[in-house]
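This report describes selected features of one protein chain. It takes up helix contacts, burial and backbone angles in turn.

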Amino acid sequence: MTKRKNQKVIGHLLYNALPRVWRQLQKENEITGIYKKKARYITFMVYFIMMPLQFLQKIIFNKKISKVDLSKQQPIFILGHWRSGTTHLHYLMHKDPQYGTLSNYQSFLFNVAHLSRSLLKIVLSPLMPSKRPQDNIRVSPDLPAEEEQPMSVLSTKSGIHSWNFPQNQSYFTKYNLFEGVSAKEKAEWGKDYHFLLQNITFFNDGKQLVLKNPHNTSRIKELLELYPNAKFINLHRNPYDVIQSTRHLHKKIVQGQALQFFSIKDREEMVLTQYKKTMQKNIDELHLIPKENFVEVRFDDLEADSMKEMERIYTTLGLPNFDKAKPKFEEYLSTVKNYKKNKFRHIRPELIERINKEMKFVFDFYGYELEEVNQAV
């Protein structure tokens with residue numbers, strides 16, 4: 001395969017949306033100007049390329065998928081705001097063969113992924129970057145992914161649609177925070193999300209799932225209603241680093257998927273507002289998790305000694321077979337020992353002041369120190 005110079009994902013994540021999902025999204029959101037061309041491409045892919053394959057998968061597999069029972073092996077959820085280091089932890093746990101994860105392959109082609117894993121993987125590979133544009137972490141069809149992206153092509157009830165349609169923040173408000181959501185809408189979200197996990201479990205031959213989805217960071221109460229015996233790993237990181245890195249994520253990835261105009265100032269406001277509200281709901285609901293099913297992880301500790309933290313996670317949650325998985329963890333860690341995180345410019349003084357004022361509850365709860373404006377970076 002020739003070396004890929006362009007590290008951007010080709011196309012749009014909604015190319016694989018179910019027709020009813022794309023239809024409803026267009027009804028709920030105005031798409032104008034230069035974004036109409038992008039919407040036309042999505043329409044072409046949805047109706048003329050994907051729809052026949054989606055119908056075939058539905059006929060062959062949906063009945064089998066709907067019979068998957070998650071009651072005995074409920075998921076392990078990795079919680080943490082975007083850019084908190086959750087990908088590193090997810091990649092580690094992916095190395096333990098007793099667990100199943102959503103792969104990039106299944107994520108990108110969710111509604112058709114069961115039809116031909118080998119053939120479609122060949123089709124997908126040229127469309128994927130070798131590294132994530134926002135942080136240079138390695139990407140391949142088999143590595144683990146976040147399940148909110150396939151949720152967005154399966155359902156209109158996904159917080160990620162507030163990134164696709166940034167002028168409409170009701171998707172985030174309703175389906176990440178569950179504010180202003182009706183009982184019917186909440187039930188439909190739960191039904192769609194459960195089918196999503198059944199699908200991922202079926203793809204993984206019934207293995208217990210380890211899921212990493214930053215959108216879930218503010219859904220503890222709702223996840224416990226669906227999976228009361230689920231286990232939770234709550235990962236946190238210094239708010240200054242998280243916010244700066246999330247702004248970079250939006251610049252590199254999110255704005256390229258948008259189907260509406262949103263200014264730089266508006267995007268920064270979105271990052272700050274979503275961080276504040278996500279973390280507030282997360283902190284308010286942590287006490288709901290049974291003690292034996294919960295472990296808190298500080299990113300700095302995970303980065304400094306990943307093996308020590310992995311053993312602590314397995315011990316605290318009562319996860320079996322750490323000794324068997326340990327060599328695989330060590331092998332993975334040896335491949336990333338030279339990885340260098342992105343370095344960002346100094347944070348503007350007025351932004352530091354706002355973070356210190358509005359996010360102080362996060363610093364207080366997780367034990368991070370506020371910085372003086374003239375010292376912050």
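Helices α11 and α12 are oblique to each other, because their angle falls outside the ranges for roughly parallel (under 35 degrees), roughly antiparallel (over 145) and roughly perpendicular (65 to 115). The axes of α11 (residues 239–257) and α12 (residues 264–285) come within 10 Å and cross at roughly 130 degrees. Axes here are lines fitted to C-alpha atoms, for helices over the stretch in contact, with angles from 0 to 180 degrees between N-to-C directions. The crossing of α11 and α12 is right-handed, the near helix being turned clockwise from the far one by less than a right angle. On the α11 side, P239, V242, I243, T246, R247, H250, V254 and Q255 meet R267, E268, M270, V271, L272 and Y275 of α12, where contact means heavy atoms within 4.5 Å. These residues divide into eight nonpolar, three polar and three charged. Nonpolar covers Ala, Val, Leu, Ile, Met, Phe, Trp, Tyr, Cys and Pro, charged covers Asp, Glu, Lys and Arg, and the others, Gly among them, are polar.

The model is predicted: local features need pLDDT of at least 70 and side-chain atom pairs count only at pLDDT 80 or more, whereas totals for chains, interfaces and linings use all residues. Residues are numbered from 1 along each chain as its sequence is written, and side-chain values use heavy atoms, with hydrogens and water left out.

The protein has 17 helices and five strands, taken as DSSP runs (helices H or I, at least four residues; strands E, at least two) and numbered from the N terminus. Of its 377 residues, 54% are buried, meaning under 20% relative accessible area, with exposed over 50% and partly exposed in between (1.4 Å probe, protein chains only). Among contacts with a separation of 6 or more, 80% are between residues 24 or more positions apart.

Helix α15 (residues 322–335) has 14 residues and reaches 20 Å from its first C-alpha to its last, close to the expected 20 Å, which is 1.5 Å times one less than the number of residues. Its axis and that of α14 come within 11 Å and cross at roughly 150 degrees. The two helices are therefore roughly antiparallel, and their crossing is right-handed. S306, M307, M310, E311 and Y314 of α14 contact F322, K326, F329, E330 and L333 of α15. This set divides into six nonpolar, one polar and three charged residues.

The buried residues of α15 are F322, A325, F329, Y332 and L333, and they pack against α3 (86–94) and α14 (306–317). A325 lies 8.8 Å from Q98, C-alpha to C-alpha, although the two are 227 residues apart in sequence. In helix α9 (residues 183–203), Q198 touches I65, S66, K67, V68 and L70, not counting residues up to four places away in sequence.

The table lists relative accessibility for four residues.

| Residue | Location | Relative accessibility | Class |
|---|---|---|---|
| A325 | helix α15 | 1% | buried |
| Q198 | helix α9 | 7% | buried |
| R83 | loop between β1 (76–79) and α3 | 15% | buried |
| D205 | loop between α9 and β3 (208–212) | 69% | exposed |

The two loop residues also have positive phi values without being glycine. Phi of R83 is near 70 degrees, and phi of D205 is about 55 degrees.
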